[in-house]
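User: I would like a close look at one part of this model. Please describe how a single strand is held by its partners and how it sits within the rest of the structure.

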Amino acid sequence: MWLRVTHLLQSTGRHYIRQLKSRVKNKVPLTSCQIMPHHRTLVLTSCVKNEEKKVNPEQLDLDIWKTIMRENATEAPKPVPSEDLEDSFLAATREMVQMWRLAGKTVPENITEEQLSTVQELPSKSAKKKYLKYLAIKEGKKKATKEKRKLKQEGAKDLQKEKENEEGIALKNTYLLQFWQRSFDALYNWRTVQSMMFGQPLVFDMSYESYMAHREMENTVSQILECEGYNRRSLDPFHLHFCNLNPEGSYQKELLKRYGDAWNRLLITITEKSYVDIFPKDKLVYLTADSPYVLKTFQHDKIYIIGSIVDKSIQTGLSHANAKRLKLATARLPLDEYLRWDSGAKNLTLNQMISILLTVKETGSWLEALKFVPKRKHEGFFPLPMEQRYYSRTRNDENKKTNINKPQTKARWQKSSLRLNQPVERSSDSHKKRWWTEEH
Amino acid sequence: MMSAQSLRGVVPRLQRVFGSLLPPHQGAARLSPCCVGPELCIASKVSMSTERNQNDGSKRKVSTAKPERTAHRGNTGSSFSLFTAGAARKRAEFTKGQMGDTLGDDAPAVTKVSKTAIPIKPLSIDEWKKLKAEGYNKTRFEVSMMEKLLSTRADVDVAKSLLVFVTMETGTVEYELLLKYLALCVQKQQLSEVLDLYVILNSRFKVLDVGAYSLFISGFSKTDHWRQAVMFLDSIKKMITPSPRNYGDIIISALWHKEVETAWRLFKEMEGKNLKPNEDTLLAFFDCGKSFCDDQYENKMMYILSYLRDNQIYPGEQLMHSIHSWFESIPGNSWEGHVTTILHSGECQVCNTVLESIQLSEEEYNLLRKHVMNDIIQGTDVFKKTTPQELQHFQTFVQNRLPFDVVIDGLNVANITAKGNQSRILLDVVSHLARQNLRLLVLGRKHMLRGTASWNKGHMAVIQKCADCFFTENISEDDPFLLYATMHSGNHCKFLSRDLMRDHKACLSDKNTRRLFFKWQRGHQLVLSRYNPGHKMKFEIIPKYDTIVQTTNNTWHIPYDEEGVERCSYEIPRKWLCLQRHN
């Protein structure tokens, strides 16, 4: 055996050497001579890939997972038909939610019966998915806050232990007791009570219950809570009035749910009556983004009305229509006059409104007040307020070259677009007196 | 006679005027030849042909570097108007050009470069392990990998090897991963694999989710087990309304298996649920129809065509060809089909049949009038758009002066160009119409009477001499009044505005009324297609026929959507399929 192999090697070796010699003789370039014995080369073609598949040893166990899954298969329990139809429906919905969870959709882990019936009543698949996603996000946030609280508590415990370890803490000598939150609350309450007797009224019109979906109403109530809180903390609070509040309505229910026991201790006036019945009509001004009139100066003897509505599907002209019906004066905030509006609707949230009104009431400066307009909606303030810009442009023409265009007053439903390559002649518009900028 | 200087200024203005309707430079080229001298052409570098209706597509040198397009106009019936398919697209492109393309085209979406390479061959368990260790998303590695395989339409074997890896690691496969794998199998038409998966999933889970059932429907309907897909459909029905796609899959397979009754039952069920069938579902009906040639099936097809008519669905080009060949395959009646356009007179160019009129019937007209009053003007709150006093005032005003021939939206007409004095433009248009002895009503707002730079009091006085005018409050809407006045003047009355009235159409409560409104609008809206001061005014031609699937005793006319033309919901197709029967 060995002999034979060596012999074979020798013979091949000899054969190659002979070949080489003859090639050199015939002056054939070396590259073309096959010195090396034949070896398998890997040619990358698709055919070979197919061949490889056939010979691929793994091909055999590609279906292993199936057999394993079948072995693991638990006999699915047959669903027991329940006697109650409603129950079975609920169960079916619950199962659907569970399966969606397994399929990796954003649905909550735990779901209450009440939420399930809400899911069931929603008309379309997309509505169901949206609602479930909302619940899932809510659940996630809850979990996160819980965990944070746990961490905080543990940290506090550690601190406590450290303090206990440090024996003999010297007592501090102070002339004031610590100013607790309780004392703050008392202070705020005194102020608010004062405003209830002598302050300027600010009305929230609660008559938009029927125009809102449930979610929108929840948002509105959240905003109202923020309003009341912000008002209470201010130096000179408004006397808040919740008018047109239906005592049997869902609004009232939601407010009660959110405020709890504090509802009866709130230092605001809550009434079913309309603002028209309480206040003189000529003093009322309805604030609405659809108004053609601009609120130039905040007047301390007027009573401003804010429609408390969240309209996610923008309902143009709703509050304006109300004001028209009652023949009230209307006004909108001077957003276009002070801000380079970028995008977004000009209807602001209730808490932004009250912040703006409180600030302008205290300081009298719109520049200060309009800092509460969300930054994403505008590109900054104009360097000069409107009147000054107008005069300076009419006085000297040099300002024509500066690119300060008077903002065009646009109603809320129009998207403000940034006009580029505007011809210079456009600025002559500002000479024209506009019917909608006059004082009411 | 204009100077070259002024012409240069006119060109962009013209473009602004009817840019929505014409290719940008065409306006300049169509200036009335009698008033533009040849030396001006040189000045503005526009070499113009003096023929009005030229559509030879000769290359004109245009100062603006815009692609050359020729609009075939004339009486060929394919003239371009506000409502023809593609008009909105053109307008958008034009305004984009006007903005100087500062917005730029939408930047191509940056595809995220995945850090993990997607294997193209089945990997062994160790290789998968290595890949997972390299991957950054360790928690959902398997699912995200399966998603990648799905999006790159990878080989099923790769997915299988991934599943092997997962089972070896964890001893089981999650539902989500199985679902993604099922999607891949359905995508790659691995039908035996789909059947296996069904067995596995059925043994492991009591019920499945809607997504799984949908996938099984589309998988099973391609196999001999397609009848089982009907059961899946029932399971979906327990949870939600199935999608048109679910129904479509089963209908198509039923038709291929010659089960017309099942397909028909499902089609009716869809109709009952107000679901709009997909194009390929309808396509299957006509495609399979060639093998059946009984009267019953023919009646069903006729029913489908009337369904298209009632729901104002326009078939696409592919479906149109399918309908065409189905008609020609009917034995006995020798149907013959042609693709055509319709003349303005409403006559088909092939068979000379006059199409249905665009005018509403008496009954429809009254219904629409009632709805416009209730939904658009009053709505839930009269104060939203006007006040009751104003409405009352307007109604009496109109009653005393009826009927009008043209109702003009003053503000819309006055703002037709950005340049030029607004009251001047309105006066031009009103006097032009008044010369034709038409009874006019001009609607405006009160601020037009104030006498400002753009609203000259003298002009307004002349306008009030030529036409009846009604000025609403500055905070009221004028369009509803326009619609009301036009409707109450009767069927002959037109209104002049470039507004598409989409927001008012949306106020209407039900689909049917919206359709009626759109039909009425197409037949009664005058649109100023060309306006430049001191020149002839041109209005868009109002078609006399209704664009809808329609039939007479031995013809069918079916409007269809051309491929590659984007049609908005407020537009109608231009091309027709004309079918006639030769006995």
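Analyst: In this predicted model, A:Leu202 stands opposite A:Tyr304, a residue of strand 5 of chain A. A:Leu202 brings in the first partner to consider: strand 1 of chain A, residues 201-205, runs parallel to strand 5 and is joined to it by four bridges.

Strand 4 of chain A, residues 284-287, is also a partner of strand 5. These two strands run parallel as well, and four bridges link them. Here A:Leu287 is the residue that stands opposite A:Ile306 of strand 5.

The surroundings of strand 5 may be considered next. In a regular strand, side chains alternate between the two faces of the sheet. Both faces of strand 5 of chain A are covered. On one side lie A:Ile303, A:Ile305 and A:Gly307, and on the other lie A:Tyr304 and A:Ile306; all of these are buried. A residue is called buried when its relative accessible area is under 20%. Five of the five residues of strand 5, residues 303-307, are buried, and therefore the strand is largely enclosed by the rest of the structure.

The two lines of description meet in particular residues. A:Tyr304, which is buried, is the residue opposite A:Leu202. A:Ile306, buried on that side of the strand along with A:Tyr304, is the residue opposite A:Leu287. Strand 5 of chain A is thus described both by its parallel pairing with strand 1 and strand 4, and by the covering of both its faces.

Notes. Residues are numbered from 1 along each chain as its sequence is written. Chains are lettered from A and ligands numbered from 1 in the order in which they are written. This is a predicted model: local features need pLDDT of at least 70, side-chain atom pairs count only at pLDDT 80 or more; totals for chains, interfaces and linings use all residues. Side-chain values use heavy atoms; hydrogens and water are left out. Buried means under 20% relative accessible area, exposed over 50%, partly exposed in between (1.4 Å probe, protein chains only). Two strands pair if DSSP finds at least two bridges between them.
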